[in-house]
Amino acid sequence: MTTDLAAFARGLPKAELHVHLEGTLEPELKFQLAARNGIALPEKTVAEVKQTYKFHDLTSFLQVYYPAMRVLQQAQDFHDLAFDYLTRAHADGVRHAEMFFDPQAHTGRGVAFDTVITGYHSAVVRARRELGISAELILCFLRDHSAEYAMATLMEALPYRDRIIGVGLDSDERGNPPRKFADVFARARGEGFLLTMHCDIDQPDSIEHIRQALEEIEVDRIDHGTNIVEDDRLVELAKSKGIGLTCCPVSNSFVTEQMKSAELSALLDRGLTVTVNSDDPAYFGAYAADNYVALARHAGLGIEQLVTLAENSFRAAWLSKARLDGFLAEIHDYVAARP
Ligand code: HPA
Ligand code: ZN
């Protein structure tokens, strides 16, 4: 990897489609919010916080991830979290971000839905005005809780429908198939939301979950979904439906033993709309451009493939045709201006 390719990847206009706002909580902001809200933390330094980042699978990651969120209390806290992320993303060439948030991780500990959405939405508005970056919010249901609780959360979100572009599904996938939430996603579709869901890496039923997401839920996109490479029929189905996969190479290397670069590169070669994203960048130490660079290094990708990944990120985004064409033209100009 030459520095040139890394600089090229950073400046390349791109969309980020798989980032959990709660996963962008850097230790420094965690300390600031804890002080502001009078919360005592067991860790006293950034190094001590990072010492707790020992993950070997999705479950061990989630055990560190959820407790950290208790520092988020006021709308201003949610605002600061999202605005800090959008500032970093902007510096990484991100022109458009579709960002997950987990309302149940907050309402479940007594923070009002309105507080969460007010804070996040105000950051979206400010980032558009001050940074020129466009952003959308995707409400994720926690799949290790009941379908009834997810439905109640969807009902709570309806008054804020104009601030939320779609719904997703995250948290612990084991024993929590897409089908469990069929009614919730059908209702969300009926209310005008776009649909995505996590099909995490190397889960016990990865292929069956991908099949359910595509054939039963009829999602518009899949988050991760890399195991699809094991099933030719599903690869062809996803291609024929124009389904994008929001892949996260560095995240993969934390929750499995590898980045899955060979699988991602095979899917790219087969013409699937593979995109590259950060997932939980504060925990995995890599923002959007770092993920492009890491994948390029591990899969031996060149400029042409990085450009395809960036184009795919806008093709898989929930954008109007006019805005998609505008972003593709930006990529074209960026490449043409390269010395
Ligand atoms: N998978 C499931 N749940 C999550 C993730 C993920 O990648 N990141 C944050 N919550
Ligand atoms: Zn994720």
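## Two buried residues at the metal

In this predicted model, His 20 and Asp 279 are both buried. Each of them is a donor to the zinc ion (ligand 2): His 20 through NE2 and Asp 279 through OD. The other two donors are His 18 and His 198, again through NE2, and the coordination distances run from 2.1 to 2.3 Å.

If you are setting up the site, the donor spacing along the chain reads H-x1-H-x177-H-x80-D. The pair of His 20 and Asp 279 links distant parts of the chain, since 259 residues separate them. His 20 belongs to strand S1 (residues 14-20), while Asp 279 sits in the loop between strand S8 (273-276) and helix H14 (281-284).

## The ligand next door

His 20 and Asp 279 turn up again around ligand 1, together with His 198. The surrounding residues also include Leu 58, Phe 61, Leu 62 and Tyr 65, as well as Asp 170, Ser 171, Asp 200, His 224 and Asp 280. Which helix gives the most to this shell? That is helix H4 (residues 58-68), with four residues.

Three polar distances are worth a look. A polar side-chain atom of His 20 lies 3.1 Å from a nitrogen atom of ligand 1, and one of Asp 280 lies 2.8 Å from a nitrogen atom of the ligand. On the oxygen side, an N or O atom in the side chain of Asp 279 is 2.9 Å from an oxygen atom of ligand 1. Taken alone, ligand 1 exposes 260 Å², and the protein buries 99% of that. The space that ligand 1 takes is the largest cavity.

## Glu 98 and its partners

Glu 98 is found in strand S2 (residues 94-101). Is this residue buried or exposed? Glu 98 counts as buried because its relative accessible area is 0%, and the cut-off for buried is under 20%.

The side chain of Glu 98 has partners there. It makes a polar contact with the side chain of Arg 221 at 2.8 Å. The Glu 98 side chain also reaches the backbone nitrogen of Trp 318, at 2.8 Å.

## Two positive phi angles

Most residues other than glycine have a negative phi. Against that background, here are two residues to check in your Ramachandran plot. Asp 202 has a positive phi of about 50° although it is not a glycine, and Glu 218, not a glycine either, has a positive phi of about 55°.

Helix H10 (206-217) links their locations: Asp 202 is in the loop between strand S5 (194-199) and H10, and Glu 218 is in the loop between H10 and strand S6 (221-224). Asp 202 is partly exposed, with a relative accessible area of 38%. Glu 218 is also partly exposed, at 45%.

## Arg 179 and Phe 284

Arg 179 lies in the loop between strand S4 (166-170) and helix H9 (182-190). With a relative accessible area of 44%, Arg 179 is partly exposed. Its C-alpha atom is separated by 23 Å from that of Met 99, with the two positions 80 residues apart along the chain.

Phe 284 is found in helix H14. Where Arg 179 is partly exposed, Phe 284 is buried, with a relative accessible area of 4%. The C-alpha atoms of Phe 284 and Ser 253 are separated by 8.9 Å, and the two residues are 31 apart along the chain.

Methods
Residues are numbered from 1 along each chain as its sequence is written. Chains are lettered from A and ligands numbered from 1 in the order in which they are written. This is a predicted model: local features need pLDDT of at least 70, side-chain atom pairs count only at pLDDT 80 or more; totals for chains, interfaces and linings use all residues. Side-chain values use heavy atoms; hydrogens and water are left out. Donors are N, O and S atoms within 2.8 Å of the metal (3.2 Å for Na, K and Ca); water is not among the atoms, so sites may look incomplete. Helices (H or I, at least four residues) and strands (E, at least two) are DSSP runs, numbered from the N terminus. Buried means under 20% relative accessible area, exposed over 50%, partly exposed in between (1.4 Å probe, protein chains only). A residue is near a molecule or strand if one of its heavy atoms lies within 4 Å of it. A polar contact is a pair of N or O atoms within 3.5 Å; within protein, one must be able to donate a hydrogen and the other to accept it, and residues adjacent in sequence count only if both atoms are side-chain atoms. Accessible areas come from the Shrake-Rupley method with a 1.4 Å probe; for residues, only the protein chains shown count as cover. On a 1 Å grid over the protein atoms alone, a cavity is a set of points where a 1.4 Å probe fits but cannot get out, and a pocket is an open set with protein on both sides within 12 Å along at least five of seven lines; lining residues have an atom within 4 Å of a point. A molecule sits in a cavity or pocket if more than half of its atoms lie within 2 Å of its grid points.
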